[in-house]
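Let's take a walk through this one together, starting with how its parts meet and ending at a small sheet. Have the viewer open as you read.

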Amino acid sequence: MELINNAPLKAFTTFGVEATCDHLYRVEDYDELKLAVQYLERPLILGGGSNILPIGDIHRNILRMEMKGIYILEDGDQPIIGVAAGEVWHDFVMWALQHDLGGVENLSLIPGTMGAAPMQNIGAYGVELESVFHSLQAVEIGTGNVRVFFKEECRFGYRDSIFKKEVKDRYVITGVNVRLTRDHQLNTTYGAIQDVLNVKGISHPTIHDVSEAVIAIRQSKLPDPKMIGNAGSFFKNPVITADQYTLIKSAHPELPGYPAEEGFVKVPAGWLIEQAGWKGKRKGNAGCYEKQALVLVNHGGARGEEIWSLALDIISSVKEKFHIELSPEVNLWNGEL
Ligand code: FAD
Ligand code: NAP
């Protein structure tokens, strides 16, 4: 297990903010991980760093999950594939496509690792991890005990799971098992997927066509973290009661809303932020992305405090205008913790 002292988190997170961490361990081996979680006090777990904002220098041990491997655990019409936590999510999607296995094509090009995917039940274009998830293996921090979580136990929700709530910071996910399909059920109704297929003249799309459409749409709308630091959507789309939605819509008739669980409506946070006048705005080195207001960006040299200060300004102006409180989707790693 390689140890990096005084590690620059700029290199390990997609926001690319200026911050260091006292000790960063690169974990490639399962047995080393089991030992590390028993002997290191309160370690923080890092995957690809694409959903983290470090605020200040981190005086904790970080375990960066780099364990690799993709295995067919059960074959058949709906094979179960075991994927080690350190595998890059998009590489796994490409592996599935190469094997003509469906279910994850709409989740193409989401950054990050397999081990982090269950944390917020990653989702895009009308599909969430939950729809293919079978189970996961995790190691308990402190004891090194191994536990398997099946789907129901993970309590998946919209950008949510048990790992962000009841068992937050208690487990390291070491591997995820997903059930893919050979008899594909395509979902092309969301966003611009169908439009892209129409433009290409594709009337009978394959999982490969859907993946390519998703990749093209994402590349046209989202900032590439290699070019401009960001962690994707900074805020969650708020889910409000239907009554609250009706009330706000009476003052703002153009307010969009999508059905959520019964009696609730999901409001696109990007729209709220844009209406509050933030799209394309800049505060020091932090900014609100010009093509998608839900994404906050590091224009270069920003510290986490600067990004967070912009986020707080956005939260308060959206609250003032719409009486809706935005909450971050990005995980805040506060140096004070
Ligand atoms: P990290 O950022 O390293 O960690 C995220 C959280 O998970 C942290 O709390 C960390 O402690 C914890 N964690 C990481 N690995 C483990 C593990 N093995 N065990 C236990 N805890 C762990 N997300 C979506 O849902 N949909 C999208 O469409 C999407 N698009 C994005 C686009 C861009 C350009 C970017 C930059 C981000 C996007 N995201 C999206 C957010 C992000 O890619 C996902 O949340 C991803 O799952 C994070 O993976 P990671 O490995 O980078 O996790
Ligand atoms: P978009 O298509 O412009 O839509 C804006 C918002 O409206 C999205 O957040 C989406 O919610 C919601 N929405 C749109 N059509 C919907 C429908 N038919 N049913 C329900 N909700 C609908 O969004 P975008 O920014 O280009 O992103 C496209 C997809 O990629 C979305 O699913 C988004 O979540 C995902 N994405 C996620 C991140 C991240 O970091 N989490 C970053 C980039 C993109 P949902 O978010 O619930 O889908």
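Buried area is the accessible area, taken with a 1.4 Å probe, that two parts lose on being put together, summed over both. Keep in mind that this is a predicted model. With that in hand, look at the two domains that the domain assignment gives for the protein chain: domain 1 covers 2-65 and domain 2 covers 70-179. Their C-alpha centres sit 21 Å apart, and the contact draws on twelve residues from domain 1 and 16 residues from domain 2.

How much area do domain 1 and domain 2 bury between them? It comes to about 1,100 Å², with 69% of that on carbon and sulfur atoms. On the domain 1 side, Tyr 30, Val 37 and Met 65 account for 40% of the area buried against domain 2, more than any other three residues. Helix α1 (residues 30-39) gives the most to that side, with five residues. As for polar features, the rule finds zero salt bridges across the interface of domain 1 and domain 2, but it does find two residue pairs in polar contact there, both at pLDDT 80 or more.

Now move along the chain to an open sheet of three strands, ordered β14-β16-β15 with antiparallel pairing. Its edge strands are β14 (239-241) and β15 (258-259), each pairing on one side only. Three bridges join β14 to β16 (residues 264-266), and Thr 241 has Phe 264 in β16 as its bridge partner. Helix α6 (residues 242-251) packs on this sheet, where it touches β14 and β16, and its direction makes about 90° with that of β14.

How values were computed. Residues are numbered from 1 along each chain as its sequence is written. Chains are lettered from A and ligands numbered from 1 in the order in which they are written. This is a predicted model: local features need pLDDT of at least 70, side-chain atom pairs count only at pLDDT 80 or more; totals for chains, interfaces and linings use all residues. Side-chain values use heavy atoms; hydrogens and water are left out. Two strands pair if DSSP finds at least two bridges between them. Helices (H or I, at least four residues) and strands (E, at least two) are DSSP runs, numbered from the N terminus. Contact means heavy atoms within 4.5 Å. Axes are lines fitted to C-alpha atoms, for helices over the stretch in contact, and angles run from 0 to 180 degrees between N-to-C directions. Domain bounds come from an automatic or database domain assignment. A salt bridge is a side-chain nitrogen of Lys or Arg within 4 Å of a carboxyl oxygen of Asp or Glu. A polar contact is a pair of N or O atoms within 3.5 Å; within protein, one must be able to donate a hydrogen and the other to accept it, and residues adjacent in sequence count only if both atoms are side-chain atoms.
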